[in-house]
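User: I have a chain open in my viewer and would like to understand the labels attached to it. Could you go through them with me?

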Amino acid sequence: MKKIFNLLLCAFLVSLFTSCEEDKVTFDGNANTTVANFQSQGSTLKLDPFDLTTYSTLLQVNVTSVSDIDRTFVVTTTFPSTSLDLSGYFTVDTATLKIPAGSYNGYIMVTGNYDNIPNGSAKLVRFTLSSIEGGVISPYRAYHDLAISKF
């Protein structure tokens, strides 16, 4: 009886592992239109001189379909609250401007430049999705406002 049970268990395990095939994800930009947007429309990056880990934040970008290749996207920055160029207040890690293969989201790493921001100030930077490889930008959450503050 024990031998029959072991034989059935082995047969079950073999059928379990051999019947599973990997589903290959294929992205076709023409037939499967991907829509991209930001996870949220706003956040704050508070630069604390006593906590160096707070100098960076991730902005999440979502898409509606997965792909078996990395997809890049383009982001532009504007400064809605001022006519000044605030690009020296932050840096964007350009290596993060992609949606990894097999994923529904990617992240933009933004780091505040502590020394360039005046004490006691808060500046607003708008990140706007301009384009995504093989997809379109959603009119909803097409931008993300990041308030960078130093107090």
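User: Which residue in S9 is the bridge partner of Thr-34?

Analyst: Happy to help, and please keep in mind that this is a predicted model. The bridge partner of Thr-34 is Gly-135 in S9.

User: What makes S1 and S9 a pair?

Analyst: Pairing asks for at least two bridges between the strands. S1 and S9 have 3 bridges, in the parallel sense, so they count as paired under that cut-off.

User: And in which sense does S1 pair with S3?

Analyst: That pairing is antiparallel and also runs over 3 bridges. One bridge to look for joins Phe-38 to Val-61 in S3. S3 (residues 56-63) in turn pairs with S7 (residues 105-112), in the antiparallel sense over 7 bridges, and there Gln-60 stands opposite Tyr-107.

User: Why is the pairing in the sheet called mixed?

Analyst: The sheet has 5 strands in the order S5-S7-S3-S1-S9. Within it, S1 and S9 are parallel, whereas S1 and S3 are antiparallel. Both senses occur, and the pairing is accordingly mixed.

User: Why are S5 and S9 said to stand at the edges?

Analyst: S5 (90-92) and S9 (135-137) each have a single partner strand, so one side of each lacks a neighbour in the sheet. As for the geometry, neighbouring strands of this sheet are turned by 30 degrees against each other on average, ignoring direction.

User: How do you know that S1 is mostly covered?

Analyst: A residue is buried when its relative accessible area is under 20%. In S1 (residues 34-38), 4 of the 5 residues are buried. For the chain as a whole, buried residues make up 29% of the 151 residues.

User: Which residues touch the most other members of the largest nonpolar core?

Analyst: Those are Phe-73, Phe-90, Ile-108, Phe-127 and Ile-148, in a core of 24 residues. S1, S2 (42-47), S3, S7, S8 (121-132) and S10 (143-150) each supply at least two residues of this core, and S8 gives the largest share, with 4 residues.

User: What does Phe-90 touch?

Analyst: Leaving out residues up to four places away in sequence, its contacts include Phe-79, Val-110, Val-125, Phe-127 and Ile-148. Here a contact means heavy atoms within 4.5 Å.

User: How many of the chain's contacts join residues at least 24 apart?

Analyst: Among contacts between residues at least 6 apart in sequence, the share is 74%. The chain that holds them has 1 helix and 10 strands.

Notes. Residues are numbered from 1 along each chain as its sequence is written. This is a predicted model: local features need pLDDT of at least 70, side-chain atom pairs count only at pLDDT 80 or more; totals for chains, interfaces and linings use all residues. Side-chain values use heavy atoms; hydrogens and water are left out. Axes are lines fitted to C-alpha atoms, for helices over the stretch in contact, and angles run from 0 to 180 degrees between N-to-C directions. Buried means under 20% relative accessible area, exposed over 50%, partly exposed in between (1.4 Å probe, protein chains only). A nonpolar core is a set of buried Ala, Val, Leu, Ile, Met, Phe, Trp, Tyr and Cys residues joined through side-chain atoms within 4.5 Å.
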